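Here are a few exercises to work through with the structure in view. Try each task yourself before reading its solution.

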Amino acid sequence: MKKIIWGFFCALLLAAGISARAEEAEGRGAERQTEELTLYAMSAALLDADTGRVLYGKNADTPMAMASTTKIMTCIVVLENVSPEETLTVSAYAASMPKVKLYIKQGEEYTVGDLLYSLMLESHNDSAVALAEYVGKRLLPGELAEKPTEQFTAEESRQAVAAFAGLMNKKAVEIGCTDSWFITPNGLDATQEFTLKDGTVIQKEHCTTAAELARIMAYCIRESPERERFLEITGKEAYAFGANGRSYSCVNHNAFLNMMEGALSGKTGFTNKAGYCYVGSLERDGRTFVVALLACGWPNNKSYKWSDTRELMQYGIENYFFRSFSEEGVAFDENLLRRITVLNGQTELLGGVAGTEVKLAGNAEEEGGPADCRREGLLLRADEEITVEYSQEEVLTAPVEAGRKVGEVLYSVDGTVYKKQSIVTVSEVRRIDLRWCLEQVLDRFLILPLPEARLFQTERPGTEQ
């Protein structure tokens, strides 16, 4: 009896140990996904710029102030709306902006291109407003749109800046950033009040999330038609220009450009509310990573953003590698596609069963997930797998056109779809109609042997049949 009891007790211990190890193995993937890196930032995101997939996040979807990292959106909106060679005139309102500033003066003229370097290298707040006014005034009512900017009142300048902020918010939505709200072009903290139809007053703050800030940067360097110009400006170490009888020299404050091989672009930011912020990008071995940091320390912790950026970039480089959707073991097996029966469809022979073969669409519909897939694969950790699922209709009703979508193949990771590919019909199937029925009858009639066919002929006396 003692042996039996002792054996039962040992079995329980062994089962508990196996269960614990199984739970540990089952949760290992999740543990790696939420692995706690040593980060100072209160909010952080590591993004694959080619797919928009967040590879690592810490409070990545929490809206927060973002300070001068705002200026990447300002820069790309300006580049997409006006030419760098155009000349603008400074308003009193733009000249009144607080430090950090270029110290432009009311009535002075500058090229858009020169002020873009001032904006992105030195983060000048007055340059940001001058650029925003120049683009935004075009959206104002007739007389204001034609009025010289140097003659603007402060209120008219604010209207022009608000119009520009509208373009920033429109662009954010186009990119897929629905938790971002832009009020200022320079990133200074601001709050906006709105009155709803029922009289309720709501407030919105100038903010974004780490994940969306990273997506904005990914758009700037990968998708925008002005991406090359953006990279040229933000990657410049220094820029000098002359205007209004003065000489200016701008030095790039993005120290990350010289920290890691493959560094592409970036923007720093700081306000008392936002703390130190940063967004930067790196390209190496065919992989492009973006890091966004919000509230990454306050004075005297100015260097925290650089250590966090390096740690996140290194994490991406060491852990994420490209896997193709078409590689062996991942690609969808087209032998699983089935012919579809078509009810009420015409066939070559009366009494046949109508149907159509199906195939994968020639051009994959790369949609779904947080952003459109821009490559035929994903950056994955070793413990991650691409799941392939498909669905297809069993029966259709005529008429059916060739190329009609009848199913789709989904490629996903952890429940998020990163690629969709349509299953379409190969051939057209027409509906049975009176004409088809008559044709079938005539075909059967015409193939009767000649002697039998004579039974249907009418003979006339005296005529040769």
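**Exercise 1: two helices that meet**

Helix H9 (residues 210-223) packs against helix H10 (residues 227-234) at an angle of about 110°, and their axes are 6 Å apart. One thing to keep in mind throughout: this is a predicted model.

Task: Work out whether H9 and H10 are roughly parallel or roughly perpendicular, then find which residues make the contact.

Solution. Start with the angle, which is about 110°. Angles from 65 to 115 degrees count as roughly perpendicular, so H9 is roughly perpendicular to H10. Next, look at who touches whom. H9 brings Met-217, Cys-220, Ile-221, Arg-222 and Glu-223, while H10 brings Arg-227, Phe-230 and Leu-231. Finally, sort them by class: the contact of H9 with H10 has 5 nonpolar and 3 charged residues, and no polar ones.

**Exercise 2: another helix pair**

Task: Describe how helix H6 (residues 125-136) and helix H8 (residues 154-175) pack, and say which residues meet.

Solution. The angle between H6 and H8 is about 80°, with 7 Å between the axes. H6 and H8 are therefore roughly perpendicular to each other. On the H6 side you'll find Val-129, Ala-132, Glu-133, Val-135 and Gly-136; they meet Ser-157, Ala-160, Val-161, Ala-163, Phe-164 and Leu-167 of H8. Sorted by class, that contact has 8 nonpolar, 2 polar and 1 charged residues.

**Exercise 3: a five-stranded sheet**

Task: Trace the order of the open sheet of 5 strands and pick out the strands at its edges.

Solution. Go across the sheet and you read E2-E1-E11-E10-E9, with antiparallel pairing. The edges are strand E2 (53-58) and E9; each has a single partner strand, so one side of each has no neighbour in the sheet. From one strand to the next, the twist averages 10°.

Now zoom in on two of the pairs. Strand E1 (residues 43-48) pairs with E2 in the antiparallel sense over 5 bridges, and Leu-46 stands opposite Tyr-56 in E2. E1 and E2 form a hairpin with 4 residues between them, and Gly-52 in the turn has a positive phi of about 80°. Strand E10 (residues 275-284) and strand E11 (residues 287-294) are also an antiparallel pair, this time over 7 bridges. There, Ser-281 faces Val-290 in E11.

**Exercise 4: a four-stranded sheet**

Task: Find the order of the open sheet of 4 strands, then name the bridge partner of Tyr-390 in E19.

Solution. The order is E15-E20-E19-E17, and the pairing is antiparallel. Strand E15 (358-360) and strand E17 (387-392) are the edge strands, each pairing on one side only. The twist here averages 25° from one strand to the next. E17 is joined to strand E19 (residues 405-413) by 6 bridges, and these two run antiparallel. As for Tyr-390, its bridge partner in E19 is Val-409.

**Exercise 5: the largest pocket**

Task: Say how much space lies in the largest pocket, and which element gives the largest share of its lining.

Solution. The largest pocket holds about 520 Å³ of space. It is lined by 27 residues, and Val-100, Ser-123, Thr-268, Gly-269 and Phe-270 are the closest to its centre. Helix H5 (112-122), strand E9 (263-271) and helix H11 (304-319) are the elements that each give two or more residues to the lining. E9 provides the largest share, 6 residues. To finish, count by class: the lining divides into 9 nonpolar, 12 polar and 6 charged residues.

How values were computed: Residues numbered from 1 in each chain as written. Predicted model: local features only at pLDDT ≥ 70, side-chain atom pairs only at ≥ 80, totals over all residues. Heavy atoms only, no water. Axes fitted to C-alpha atoms, helices over the stretch in contact; angles between N-to-C directions. Parallel < 35°, antiparallel > 145°, perpendicular 65-115°, else oblique. Contact = heavy atoms within 4.5 Å. Nonpolar A, V, L, I, M, F, W, Y, C, P; charged D, E, K, R; others polar. 1 Å grid on protein atoms, 1.4 Å probe; cavity = no way out; pocket = protein on both sides within 12 Å on 5 of 7 lines; lining within 4 Å. Points joined across faces, edges and corners; volume = space filled by probe spheres on them. Pairing = 2+ DSSP bridges.
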